[in-house]
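The following paragraphs guide the reader through one molecular structure. Please keep the sequence and the three-dimensional view at hand while reading.

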Amino acid sequence: MASVTSLTDSVQQQLASALSATRPEAAGADPLLRRSDRADFQANGILALAKRAKANPRELAAEVVLHLTTGDLIEDVEVSGPGFLNITLADRAITQNLAARLADGERLGVPLKEDAGVTVVDYAQPNVAKEMHVGHLRSAVIGDALRSMLDFTGERTIGRHHIGDWGTQFGMLIQYLFEHPGELAPASEVDGEQAMSNLNRVYKASRAFFDSDDDFKERARKRVVALQSGDKETLELWQQFVDESKVYFYSVFEKLDMEIRDEEIVGESAYNEGMPETARLLEEMGVAVRSEGALVVFFDDIRGKDDQPVPLIVQKADGGFGYAASDLTAIRNRVVDLRATTLLYVVDVRQSLHFRMVFETARRAGWLNDDVTAHNMGYGTVLGADGKPFKTREGETVRLEDLLDEAVQRAAEVVREKARDLTEDEIRERAAQVGIGAVKYADLSTSPNRDYKFDLDQMVSLNGDTSVYLQYAYARIQSILRKVGDVRPSAHPELDLHPAERALGLHLDAFGDTVFDAAAEYAPHKLAAYLYQLASLYTSFYDKCPVLKADSPEQVANRLFLCDLTARTLHQGMALLGIRTPERL
Ligand code: ARG
């Protein structure tokens with residue numbers, strides 16, 4: 001593996017040395033380099049520098065130019081406007097750089113970061129015995145993409161699926177199962193669909209008893225106590241709910257084409273044993289105080305109605321522990337045992353107050369210190385085409401599987417329409433890749449903290465910023481590469497580049513920098529936007545630069561090489577977003 005310094009970084013370095021050679025006070029100044037339409041790059045940083053140095057910006061810019069060596073990398077530099085530098089790179093440098101990327105295989109020359117830490121990503125956390133909904137979809141899709149992106153930069157990630165598998169509702173469920181044995185089929189005998197329908201049936205039946213029968217209610221309450229104190233028989237029944245639910249979760253994640261590892265499913269229940277200690281420590285340290293029998297934490301700046309402080313409840317007055325206690329205990333585990341340097345929570349923005357209080361409590365207790373960053377990547381709500389929270393026509397939450405099935409079905413129509421030489425099996429396979437890709441891309445291409453409209457028609461459209469558009473771009477390149485047979489795509493740095501080739505090439509070079517920025521900012525939409533632009537730049541390259549009918553065999557090979565690198569970059573970028581790129585569409 002040989003990593004490649006991006007052209008941007010190389011230019012940046014040369015500018016930095018030119019700046020410090022010009023004037024001592026210019027050392028370390030940011031040249032503010034960016035891609036530009038006028039030249040390859042424009043540096044705007046001299047304006048601010050001139051202001052500070054009380055110098056004439058154009059004159060200062062001209063001085064910097066004198067210290068900038070043109071040659072292998074920079075072919076031309078000129079002062080423009082009030083004191084900008086317009087920088088043009090040598091064609092040869094661009095092509096050589098891209099050739100080095102192609103030679104580096106899947107990493108495309110992207111280096112691994114040096115100061116890698118451990119990020120625990122809390123994502124894809126559905127609740128036991130409950131149907132998954134679109135909110136869980138967002139957490140899974142965003143979390144999975146962020147994780148792949150972080151991994152690609154060299155960060156070590158550990159997944160945690162903090163499933164809702166604990167709490168008072170299990171008293172009711174378990175008591176019902178205790179009184180009606182055999183109502184849940186063994187997990188090994190059901191598929192995802194059956195598992196969920198069994199769970200739903202038991203849930204409804206037990207709920208009916210709970211609401212109408214006070215004696216049952218009392219027995220259910222006792223069951224919660226038995227569960228929390230670890231009664232063996234109670235735990236066995238509880239385990240049946242967990243196992244049955246996992247069958248269902250796995251079937252949904254499989255549909256989502258997402259790998260979930262069993263050892264990373266560590267739900268609320270896993271922290272049950274540590275919760276009393278968490279409470280004791282918080283009380284001893286004075287971080288939490290007793291209030292009306294409950295153990296709570298107060299915050300000066302968190303107030304609700306009538307300016308009353310809103311506390312975080314660590315332990316309820318009846319001795320029970322809840323959501324906050326499990327999250328606080330999980331933090332101790334993740335920081336101390338897993339040695340996390342970053343805790344990332346991909347959870348609905350509506351829980352952001354909860355996390356603010358949990359993080360602040362953990363900071364006061366010293367469980368989070370300056371070496372650990374905690375961040376809630378709070379995502380927005382999925383809306384229906386009408387702009388209201390996504391519901392069925394009857395006003396119920398939409399079943400996630402139904403939604404995914406429908407996406408795949410719509411995708412099948414699109415694929416079938418375009419397919420000329422595909423078999424039925426191939427159509428089915430592509431439809432899944434296109435449909436699930438469409439759902440993921442629509443989610444990932446909007447900034448996570450914004451709401452987004454779930455609009456299947458738009459998602460599977462071939463025009464516009466959709467995954468299908470990108471998948472087609474990829475498949476089209478593959479079909480060109482298949483056609484050439486014995487012409488090997490190979491770089492020819494001696495050739496002059498067409499403007500459309502330069503634009504494409506410079507964008508290809510920016511892949512690694514983009515992934516690093518997007519990962520650091522937890523912004524998968526920046527990678528999505530990059531890929532969309534890549535496909536657009538490729539389209540205009542393809543329109544303006546004949547590939548197979550280029551002027552010379554070297555030109556053909558070099559353009560095929562650009563096609564090849566574009567395809568590999570698209571493939572890798574889409575893979576980081578969790579989206580497949582079929583070879584044919
Ligand atoms: N199960 C919760 C829900 O469905 C999400 C859990 C989020 N993670 C956490 N550590 N609290 O809303």
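Over residues 126–136, the chain is 27% helix and 0% strand. The C-alpha atoms at the two ends of this span are 6 Å apart. UniProt, in an unreviewed entry, lists these residues as the short sequence motif "'HIGH' region". The model under discussion is a predicted one, and the values given here should be read with that in mind.

The surroundings of the ligand may be considered next. Which residues lie around the ligand? They are Asp122, Gln125, Asn127, His162, Gly164, Asp327, Tyr345 and Val347. Sorted by class, this shell contains two nonpolar, four polar and two charged residues.

Two further spans carry annotations from UniProt. The record, an unreviewed entry, assigns the domain "Arginyl tRNA synthetase N-terminal" to residues 9–89. This span is 41% helix and 23% strand, and its end C-alpha atoms lie 13 Å apart. The domain "DALR anticodon binding" is placed by UniProt, also in an unreviewed entry, at residues 470–585. Here the chain is 69% helix and 0% strand, with 11 Å between the end C-alpha atoms.

The discussion now turns to the packing of helices. Two packed helices are described by the angle between their axes and the distance between the axes. Helix H16, residues 467–483, packs with helix H19, residues 524–544, at an angle of about 45°, and their axes are 10 Å apart. Because angles from 35 up to 65 degrees are counted as oblique, H16 is oblique to H19. The crossing of these two helices, H16 and H19, is left-handed. On the side of H16, the contact is formed by Tyr469, Leu470 and Ala473, while H19 contributes Leu531, Tyr532, Ala535 and Tyr538. By class, the residues of this contact between H16 and H19 comprise seven nonpolar, no polar and no charged.

Helix H9, residues 232–255, takes part in two packings described here, one with H7 and one with H8. Helix H7 spans residues 192–212, and its axis is 8 Å from that of H9, at an angle of about 135°. H7 is therefore oblique to H9. Their crossing, that of H7 and H9, is left-handed. In H7, the residues Gly192, Ala195, Met196, Asn198 and Leu199 meet Glu244, Ser245, Val247, Tyr248, Tyr250, Ser251 and Val252 in H9. The residues of the contact between H7 and H9 divide into seven nonpolar, four polar and one charged.

How are helix H8 and H9 arranged with respect to each other? Helix H8, residues 214–228, packs with H9 at an angle of about 95°, and their axes are 8 Å apart. H8 and H9 are therefore roughly perpendicular to each other. Arg223, Ala226 and Leu227 of H8 make this contact with Thr234, Leu235 and Trp238 of H9. The contact of H8 with H9 consists of four nonpolar residues, one polar and one charged.

Terms used
Residues are numbered from 1 along each chain as its sequence is written. This is a predicted model: local features need pLDDT of at least 70, side-chain atom pairs count only at pLDDT 80 or more; totals for chains, interfaces and linings use all residues. Axes are lines fitted to C-alpha atoms, for helices over the stretch in contact, and angles run from 0 to 180 degrees between N-to-C directions. Helices (H or I, at least four residues) and strands (E, at least two) are DSSP runs, numbered from the N terminus. Angles under 35 degrees count as roughly parallel, over 145 as roughly antiparallel, 65 to 115 as roughly perpendicular and the rest as oblique. A crossing is left-handed if the near helix is turned anticlockwise from the far one by less than a right angle, and right-handed if clockwise. Two residues are in contact if their C-beta atoms, placed from the backbone, lie within 7 Å. Ala, Val, Leu, Ile, Met, Phe, Trp, Tyr, Cys and Pro count as nonpolar, Asp, Glu, Lys and Arg as charged, and the others, Gly among them, as polar. A residue is near a molecule or strand if its C-beta atom, placed from the backbone, lies within 6 Å of it. UniProt positions are given in the numbering used here, feature names are shortened, and annotations may be inferred rather than shown by experiment.
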